[in-house]
Amino acid sequence: MAAKEQGKPLAPANSYHLRSDEEEVFVSSHIKLCQRKYVMCCGCVSALFLIIAVTAIVLGFTVFHVKGPRIKMNDVTIQQLEVANGALRSDTNVTLLADVSIKNPNVASFKYGNTTTRVYYSGTEVGQGRTPAGVAKARRTMRMNVTVDIVPGEISAVPGFIKEVASGKLTVSTYTRIEGKVKILMVNKNVVVELNCSMTYNFASKGIEGEDCKRRVSL
């Protein structure tokens with residue numbers, strides 16, 4: 001009978017576990033530490049993207065900026081430009097030879113197509129020459145020889161030619177146009193280089209005097 005009257009064990013007053021102050025401080029510190037690491041990580045990523053953006057902008061305006069090639073007329077000679085009885089000899093072929101250099105200041109090659117050089121006298125075209133396509137390597141200077149055949153009949157027909165020949169000198173001008181492309185990374189940039197030169201030929205010395213050239217670049 002005593003066994004039957006034995007009571008059941010009492011349940012604990014609280015069935016859940018209460019956090020101590022130390023545990024709450026630990027959890028709070030851990031959360032703050034995670035937040036601090038997250039902020040630092042975001043800051044590092046933002047700084048990295050900022051550095052990359054600034055570097056790209058600086059390179060875009062300096063190293064990777066497309067610059068216009070520099071064209072220069074180094075030397076000009078005119079062959080077989082002879083006068084007989086106050087007139088230009090028509091039984092010879094007059095040839096203008098020009099030594100032209102192209103300096104490419106870019107970090108990429110400058111590829112250009114066929115080049116045309118024209119010779120003018122008093123605004124009238126009297127000769128034309130072509131130079132084949134080529135490549136000016138990065139940060140290099142390339143030289144090319146330009147040959148232009150001048151038609152004696154056309155230059156003799158220009159008004160004022162006989163009078164100027166009688167003075168012993170003849171002033172002519174040349175125009176050279178070069179069209180090409182400079183490719184830097186994924187960007188193709190069209191470039192046009194133009195060179196206008198005026199010069200005076202001395203019949204006595206058979207040389208060029210007073211050469212004056214002007215260059216223009218279009219990007």
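**Notes on salt bridges, patches and polar contacts**

1. Let's start with Arg143, which is exposed, with a relative accessible area of 54%. The model is predicted, so please read everything below as computed from that model.

2. What does the side chain of Arg143 meet in a salt bridge? Its partner is the side chain of Asp99, at 2.3 Å from N to O. The two sit in distant parts of the chain, 44 residues apart, with Asp99 in strand 4 and Arg143 in strand 9 (residues 140-150). Asp99 is buried at 17% relative accessible area, because the cut-off for buried is under 20%. So this bridge has a buried acid and an exposed arginine.

3. The structure holds six salt bridges, and two others are worth a look. Glu194 and Arg216 meet through their side chains at 2.7 Å, N to O. That pair also links distant parts of the chain: Glu194 is in strand 11 (residues 187-202) and Arg216 in strand 12, 22 residues apart. Glu194 counts as buried at 6% relative accessibility, while Arg216 is exposed at 53%. I'd look at the neighbours too, as salt bridges with shared partners join Arg177, Glu179, Glu194 and Arg216 into one network.

4. The side chains of Lys169 and Glu209 form another salt bridge, at 3.3 Å from N to O. Lys169 is in strand 10 (residues 169-184) and Glu209 in strand 12 (residues 207-218), so this pair links distant parts of the chain, 40 residues apart. Buried or exposed? Lys169 counts as partly exposed at 35% relative accessibility, and Glu209 counts as partly exposed at 29%.

5. Now the charged surface. Which residues gather in a patch of positive charge there? They are Lys67, Arg70, Lys103, Arg139 and Arg215. Lys67 is in the loop between helix 1 (21-61) and strand 1 (70-79). Its relative accessible area is 31%, which makes it partly exposed. That value lets Lys67 into the patch because patch residues need over 30% relative accessible area and no salt bridge.

6. Lys67 has a second role in this note, through its backbone. The side chain of Asn106 reaches the backbone nitrogen of Lys67 at 2.6 Å. Asn106 is in a loop as well, the one between strand 4 (94-104) and strand 5 (110-112). How accessible is Asn106? At 1% relative accessibility, Asn106 counts as buried, whereas Lys67 is partly exposed.

7. Back in strand 4, check Ser101. Ser101 is buried, with 9% relative accessible area. Its side chain makes a polar contact with the side chain of Asn74 at 3.3 Å. Strand 4 also holds Asp99, the salt-bridge partner of Arg143.

8. Last, the nonpolar side of the surface. Val45, Leu48, Phe49 and Ile52 form a nonpolar patch with about 400 Å² of accessible area together. Val45 is found in helix 1. At 40% relative accessible area, Val45 is partly exposed, so it clears the patch cut-off of over 30%.

Key
Residues are numbered from 1 along each chain as its sequence is written. This is a predicted model: local features need pLDDT of at least 70, side-chain atom pairs count only at pLDDT 80 or more; totals for chains, interfaces and linings use all residues. Side-chain values use heavy atoms; hydrogens and water are left out. Patches are made of residues with over 30% relative accessible area and no salt bridge: like charges are joined within 9 Å, nonpolar side chains (Val, Leu, Ile, Met, Phe, Trp, Tyr) within 5 Å. Accessible areas come from the Shrake-Rupley method with a 1.4 Å probe; for residues, only the protein chains shown count as cover. A salt bridge is a side-chain nitrogen of Lys or Arg within 4 Å of a carboxyl oxygen of Asp or Glu. Lys and Arg count as positive and Asp and Glu as negative; His and the chain ends are not counted. The place of a charge is taken as NZ of Lys, CZ of Arg, CG of Asp or CD of Glu. Helices (H or I, at least four residues) and strands (E, at least two) are DSSP runs, numbered from the N terminus. Buried means under 20% relative accessible area, exposed over 50%, partly exposed in between (1.4 Å probe, protein chains only). A polar contact is a pair of N or O atoms within 3.5 Å; within protein, one must be able to donate a hydrogen and the other to accept it, and residues adjacent in sequence count only if both atoms are side-chain atoms.
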